[in-house]
Amino acid sequence: MTDPTRRNVLRGAAAITAAGALVGTGAGAAPAMAAPAAPRRFPFLEGAFEPVTEELTAFDLPVTGRVPRELNGRYLRNGPNVLGLEDPRAHHWMLGDGMVHGVRLREGRAEWYRNRWVRSSQVAKKLGEPYPGPVPPDDFPCNTHVIPHRGRILALQESGPLPYELDDELNTVGTYDFRGTLQGPLTAHTKFDVHADELHAIAYYPTWDHVRHLVVGPAGRVVRTTRIPVADAPMIHDFALTEHHVVILDMPVTFDPAGAERGDLVPYVWNDRHPARVGVLPRKGGAVRWFEVDPVYYSHTLNAYEEGPHIVVDMTNFDAPFLVAGNGSGGPHTAGTPRLDRWTIDLRHGRVRTRTLDDRPQEFPRVNEALVSRRHRYGYSAAAAEMSLAYQAVDGTPPDGAFSNALLKHDLLRGTCDVHRLPAGAAASEAVFVPSDPGEGRAAEDDGYAIAYVHNPDRGASDLVILAAQDFTGEPVARIHLPGRVPLGFHGSWIPDA
């Protein structure tokens, strides 16, 4: 493999994989007569995951309830939505072309809904559109997150591609490299510290012998890069930030060079020989301290903060092993479901204490963004039955009744959880907290709304559901009825009007 870019490291096997599935036992061998096989399922292309096939624009959306007049801005969410797929055997959910879904709210109205593919060079070609300018290295239609940053809207991906900038109506502007200061990849999960006015990232790449901590300063430029040596090129999907430290989660999912040479779609494997550990890096510079932990696979961090000589990290974790490439189902595979855990790093005694905060299946934890890197009380997460089932897609999958759909609000001070239950078939995406008054520093931490895209099985389309965070189990304040589906995907942001 002479050119280890994302296109051949993570995507280059489409033709090889499809062809390999069709190869017989030998050249010229006559086909054997056999009973017809049962149809193969690809759960990440079906049901709540099924990709949509067109871009929609709709104005003056119908609403059940009342859109709060103080919500003026856009709610955007990114996710994989494969375009032009010919053979599902050559597809992996996490490599689907990025599509951003957005709703514009203003003065109590739902002004519009739009969904747009991120126009990378590949997507532009599939759509028959020109791609402006030269194609950047590792080009990819970023499908994992979408964030605001200093007046820009950025679609993010990890391990290679540059972010793509979108305009206010979700049209693709082009790649963005922080004014020429980003050298190499960023991450899908940046952390913005409003107190320091800094954007942080942990970047990794399959051919590096290190990962990088990046800091983007107030002028929108990368002002500091710290290289952190690691073995085996681990996948570091997320990290955590506190007031004075960066927390690096180095778990046993590592790059597989042999798989990349074979052309595996996702050449990352569970590596029992790779120690599970947590690193603590001072934000102002210095050596990383490493702490061993039992092997798990973290999926996402909720938040982290300092408490005397301790660092507290709340996160969702899967039991080992976690198979990124799955078991032929077209997505990741696990033997269990993610739960909400707390890891307390004892800097004085050099150890990590772990405990489960909530063991019900849940994913995509979020916090009030004003508290990133500071102590939080509340967290929000989503439970989607179809996601739990898809991750465990094997012969004899658990019955549908084993999982349910809900949005969760955790009170981590009291140790309680409010559950907003949703009907069967109402798959819920990530819930993002939006403050009632972002300019009011004295407001309660949960004074605001939790908003999420939720499938409406009665309509065969999605709603943007707005819950009052302080009346979480009550009826939604508003259900905004969208003209189409928003497939289960990844992450999003509320982008308030300036």
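In this predicted model, one open sheet is built from 5 strands in the order 2-33-32-31-30, and the pairing is antiparallel. Its edges are strand 2, covering 63-65, and strand 30, covering 432-435; each of these pairs on one side only. On average, neighbouring strands of the sheet are turned by 25° against each other, direction ignored.

Within that order, strand 31 and strand 32 can be followed residue by residue. Strand 31 spans residues 448-456 and strand 32 spans residues 461-468, and the two pair in the antiparallel sense over 8 bridges. One position to look for along this pairing is V454, which stands opposite D463 in strand 32.

The edge strand 30 also leads to another part of the chain. V432, a residue within the 432-435 range of strand 30, is among the contacts of R366. R366 itself sits in strand 26, residues 363-366. The relative accessible area of R366 is 9%, and because buried means under 20%, R366 counts as buried. Apart from neighbours within four places in sequence, R366 is in contact with H145, L302, G379, Y380, E430, A431, V432 and G492. With E430, the side chain of R366 forms a polar contact of 2.9 Å. Y378 can be placed relative to R366 as well: the two are 12 residues apart in sequence, and their C-alpha atoms are 9.0 Å apart in space.

Going back along the chain from strand 26 brings the reader to Q362, in the loop between strand 25 (351-358) and strand 26. Is this loop residue buried or exposed? Q362 has a relative accessibility of 2%, so it counts as buried. Its side chain is joined to that of D358 by a polar contact of 3.3 Å. When neighbours within four places in sequence are set aside, the residues in contact with Q362 are T316, P338, R339, L340, S381, A382, L408 and H410.

Another part of the model is centred on strand 5, residues 109-117. Of the 9 residues in this strand, 8 are buried, and the strand is mostly covered. Which strands pair with strand 5? Strand 1, residues 57-59, pairs with strand 5 in the antiparallel sense over 3 bridges. In this pairing, T57 has R114 of strand 5 as its bridge partner. Strand 4, residues 98-106, also runs antiparallel to strand 5 and is joined to it by 8 bridges. Here the bridge partner of M99 is W117 in strand 5. Strand 4 and strand 5 form a hairpin with 2 residues between them, and E107 in the turn has a positive phi of about 50°.

The last site is H210, which lies in strand 12, residues 210-216. H210 has a relative accessible area of 8% and is therefore buried. Two polar contacts involve its side chain. One is with the side chain of D209, at 2.9 Å. The other is with the side chain of R212, also given as 2.9 Å. Beyond residues up to four places away in sequence, H210 touches R227, I228, P229 and V230.

Three of the residues described can be viewed together for their burial: R366 at 9% relative accessible area, H210 at 8% and Q362 at 2% relative accessibility. R366 and H210 are placed in strand 26 and strand 12, whereas Q362 is found in a loop.

Notes. Residues are numbered from 1 along each chain as its sequence is written. This is a predicted model: local features need pLDDT of at least 70, side-chain atom pairs count only at pLDDT 80 or more; totals for chains, interfaces and linings use all residues. Side-chain values use heavy atoms; hydrogens and water are left out. Two strands pair if DSSP finds at least two bridges between them. Helices (H or I, at least four residues) and strands (E, at least two) are DSSP runs, numbered from the N terminus. Axes are lines fitted to C-alpha atoms, for helices over the stretch in contact, and angles run from 0 to 180 degrees between N-to-C directions. Buried means under 20% relative accessible area, exposed over 50%, partly exposed in between (1.4 Å probe, protein chains only). Contact means heavy atoms within 4.5 Å. A polar contact is a pair of N or O atoms within 3.5 Å; within protein, one must be able to donate a hydrogen and the other to accept it, and residues adjacent in sequence count only if both atoms are side-chain atoms.
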